[in-house]
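Here are a few short exercises to work through with the structure open. Try each task before you read its solution.

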Amino acid sequence: MSRSRSTSTISRKDAESLQADIRIQDPILIKMLRLSRPQLQFGQDSDEASLPAFYSSNLVIPKGEKRIYVGENFKSIIAIQKVGDIDGDIVHSRIDIQNPDGIRSELNSLSYEFSTQLYHTYLASIELTHAGVWNVIISLRYEQSLTAQALRRNFQIEAKPAILVRTKISQASSDDSRSSQHSGQRYTHILEAQIENITDTAMVLESCELIVLNKWQVFSPPGTETPHLKPREVYQWCFMLVKGEGSDAAKLSIGWRREPLGVKGWQTTGIIKI
């Protein structure tokens, strides 16, 4: 009578996982948490001792605030926590921002001392001016076992357009009775601007200003209306223009406040040619 012997084997994937589990952990942990109320502001004299209330398990992003849009400020807390031994308890940090065009700039450079506390926090505010993927690059330098060490983490933010702007330009009719005088001159052009809300939440359009260039003149009917736009709704403004020099006439500056938290946004269009 023969007996069969069962043998146990470990797959390559399981072996790699086991090796990762026993690998030495980095002594510094980096986290980036978005504030649930992006319009929240602190004075320059804010004490870090008051920040741990925000750095907690209760810091969550409401359902309507998971998307990030061009023209709005991305506000977050960057937390650097000591979880292992380092020489001198000193960590040097640098935070860089890289926009979707690949242009990189320094946001912050600080040194942190961990002898009295296990973590430090930094309030970061990033103005998202382009659609696409933004990179927040956090680089740390410290010493461990008398050897210089470096640690880098890259957090990505994808910004999407919040509004869609369409413009239509027409010449003012010379026999149109509505073509009244403005500063002694007759209107020569009519500019219609349509603003569409392309976010997934409602917004209030707070302003739509036409910034004229090259001696062009503008008149827009006075009013204080702040239209409320649901997703995919459109609102239209009309501006009367007096011809100036050249074809580069103006730019539109648009401001909004997006629900449900009243997140403020602002965007300026490219040059409108007439």
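**Exercise 1: two rings**

Tyr235 has a relative accessible area of 22%, so Tyr235 is partly exposed; that term covers values between buried (under 20%) and exposed (over 50%), using a 1.4 Å probe and protein chains only. Before going on, note that this is a predicted model, where local features need pLDDT of at least 70, side-chain atom pairs count only at pLDDT 80 or more, and totals for chains, interfaces and linings use all residues. Residues are numbered from 1 along each chain as its sequence is written, and side-chain values use heavy atoms, with hydrogens and water left out.

Task: work out how the rings of Tyr235 and Trp237 are arranged.

Step 1. Rings of Phe, Tyr and Trp (its six-membered ring) pair if their centres lie within 6.5 Å; planes under 30 degrees apart are stacked, over 60 edge-to-face, and the rest tilted. The count by this rule is 1 aromatic pair.

Step 2. The centres of the Tyr235 and Trp237 rings are 4.9 Å apart and the planes sit at 70 degrees, so this pair is edge-to-face.

Step 3. Check Trp237 too: its relative accessibility is 17%, so Trp237 counts as buried.

**Exercise 2: positive phi**

Task: place Asn214 and Arg232 between their strands (DSSP runs of E, at least two residues, numbered from the N terminus).

Step 1. Most residues other than glycine have a negative phi.

Step 2. Asn214 has a positive phi, near 50 degrees, and lies in the loop between strand 13 (203-212) and strand 14 (217-219). At 41% relative accessibility, Asn214 is partly exposed.

Step 3. Arg232 also has a positive phi, near 75 degrees, in the loop between strand 15 (228-229) and strand 16 (234-242). With a relative accessible area of 57%, Arg232 is exposed.

Note on methods: Helices (H or I, at least four residues) and strands (E, at least two) are DSSP runs, numbered from the N terminus.
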